[in-house]
Amino acid sequence: MKKWAGFIFIILITGYLQSFSQTNGQGRKSLPVRSEDFLDSRLSGTSTLFFWNGDLWTSNDHGDMGIFSLDTLNGTIKDSVKGCLHFNDMEEMTQDDEYFYFGDFGNNHSALRNDLCIYRMAKADMLGGVCRADTIRFTYEGYNPDGEGSSGTPVTDFDCEAMVAVGDSLYLFSKQWTSQQTVCFALPKEPGDHTAVALFRLNVNGLVTGASYFRHSTGTSKEQCTLVLCGYNMLVQPFIYLVYDFQGTRFLEGKREKILVSNEIGWQTEAVATDDGFHYWITNESLKRMGLTRPARLISVDLSMFLEDYATTPTTTNGIEEGEARFPVLAPNPTDGMMHLVPSDPTASNDFSVEVWDTQGRRLPGVVKDNSIDLRDQSAGVYLVKISTPRGDMAIRKVQRVVNSCGR
């Protein structure tokens, strides 16, 4: 009987895989992986992924805080930053212009936690090597740590591994083990004690483990945003749940697509990140289950085919992205000291502000003079130029300061 049961199970699973590989319920085929790289063994518990300061960063889910920057071409570790925090189960990191938010709210299924929190850390502190953090303590609306889940089985609706920061709030997307859905909760970004309020539910038919939010710059007054949730299904098969063509946090007004990422099973998806809203990186942590052994890996996928009618895919020409012609060109780049802001469109408005930052997160005062940037007194290296319009559109340009061998 056991032999036949196992045989029937294999047939059912095979049929499930074949049917799932053909379509995701929206008439789309599974999404091919653009690249795949195995991660260093130090990142076997990778749980976060974010793009910041020109680099891709990740961290493990528990223990002492450590953040690692990754080479986007091969997944190797480039650098690492240690901190003073200790995590119970830190499953997500999100950010805004000023702060990082580390979500220590995972592992909340079989035994419910009463110490759910999010650590808020200033980016300036992180860059300066100072480890200090505020704490956002919270509970969920309708949450009872002494009730559901006490039997030791994963039945809770209050596990969470996905979070984004938008405006003045944090939005958490739950990992519902039994219903295979996700509920979006919202709470303030300010330190203190809060209750996360349930906003809506999405039937993702899987376990959500990561989130990424991107506001597209369209060149028009209409704001267009993208929310990407990553996760895996009952076969530990990775998927993306894409919500797009909405404004601000009106998630439910957006179009939705569930997209299978490859047809392999046993890949435990953990986090997702992007730098342009079209191309995404995803991490999978190491897994030993169901007779499978999977090392941690970094993959990249291209969602342009799903967004091609929604926003123009940025393509780079001499460092300038199409769709951003209203912003000036920085020339020469690289520069031996002086560079100029040259209008790329003579008819475009020149009403913009310019700031220059070094890689330590420090704004450089006095280097912007009219339509020029003077880096002659700065050391050689990479600098970030932030160009903003009164409407809130923004472009970040990376520039290279080199030293002329013939002298200044």
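## A walk through the strands, rings and cavities

M93 has F102 in β7 as its bridge partner. That pairing is a good place to enter this predicted model, in which local features need pLDDT of at least 70, side-chain atom pairs count only at pLDDT 80 or more, and totals for chains, interfaces and linings use all residues. Residues are numbered from 1 along each chain as its sequence is written, and side-chain values use heavy atoms, with hydrogens and water left out.

Strands here are DSSP runs of E with at least two residues, helices are runs of H or I with at least four, and both are numbered from the N terminus. Two strands pair if DSSP finds at least two bridges between them. Strand β7 covers residues 99–104, and four bridges join β6 to β7. The two run antiparallel. E92 stands opposite G103 in β7. A hairpin of three residues joins β6 to β7.

Now widen the view. Eight strands form an open sheet with mixed pairing. Their order is β6-β7-β8-β9-β13-β12-β11-β10. Which strands stand at the edges? They are β6 (92–95) and β10 (160–166). Each has a single partner strand, so one side of each is left without a neighbour in the sheet. From one strand to the next, the twist averages 30°. Such angles run from 0 to 180 degrees between N-to-C directions, and the axes are lines fitted to C-alpha atoms, for helices over the stretch in contact.

Go to the β10 edge. Is a residue buried or exposed? Buried means under 20% relative accessible area, exposed means over 50%, and partly exposed lies in between (1.4 Å probe, protein chains only). Seven of the seven residues of β10 are buried, so β10 is largely enclosed by the rest of the structure. Six bridges join β10 to β11 (residues 169–174), and these strands run antiparallel. A162 stands opposite F173 in β11. The hairpin of β10 and β11 has two residues between the strands. There, G167 takes a positive phi near 65°.

Back at the other edge, look at the loop between β5 (77–87) and β6, where N88 is found. N88 counts as partly exposed, at 40% relative accessibility. The C-alpha atoms of N88 and G106 are separated by 8.0 Å, although the two residues are 18 residues apart along the chain.

Next come the rings. A pair of aromatic rings is described by the distance of the centres and the angle of the planes. Rings of Phe, Tyr and Trp (its six-membered ring) pair if their centres lie within 6.5 Å; planes under 30 degrees apart count as stacked, over 60 as edge-to-face and the rest as tilted. A search of the whole structure finds 22 aromatic pairs. One of them is W52 with W57, a tilted pair at 5.7 Å centre to centre and 50° between the planes. Both partners are buried: W52 has 12% relative accessibility, and W57 has 8%. Y99 and Y101 also form a tilted pair, with 6.3 Å centre to centre and 55° between the planes. Y101 is buried, with a relative accessible area of 1%.

Some rings join up. Ring pairs link F50, W52, W57, F87, F100, F102 and Y119 into a cluster.

Charges meet rings too. A charge sits over a ring if NZ of Lys or CZ of Arg is within 6 Å of the ring centre and within 35 degrees of the ring normal. R120 lies over the face of Y99, at 4.0 Å from the ring centre. K258 lies over the face of F239, at 4.5 Å from the ring centre.

What about empty space? On a 1 Å grid over the protein atoms alone, a cavity is a set of points where a 1.4 Å probe fits but cannot get out, and lining residues have an atom within 4 Å of a point. Grid points are joined across faces, edges and corners, and a volume is the space filled by probe spheres set on the points. The count comes to two cavities of 30 Å³ or more. The second largest has a volume of about 30 Å³. Its lining is F50, W52, W57, I67, V81, F100 and M126.

Further along the chain, four strands form an open sheet in the order β25-β26-β29-β28, with antiparallel pairing. Its edge strands are β25 (329–331) and β28 (368–369), and each pairs on one side only. Between them, β26 (residues 338–342) and β29 (residues 372–374) pair over three bridges. M338 has D374 in β29 as its bridge partner.

Finish at a helix. S304 lies in α3 (residues 304–307) and is buried, with a relative accessible area of 11%. The C-alpha atoms of S304 and H279 are separated by 7.2 Å, with the residues 25 apart along the chain.

Notes
1 Å grid on protein atoms, 1.4 Å probe; cavity = no way out; pocket = protein on both sides within 12 Å on 5 of 7 lines; lining within 4 Å.
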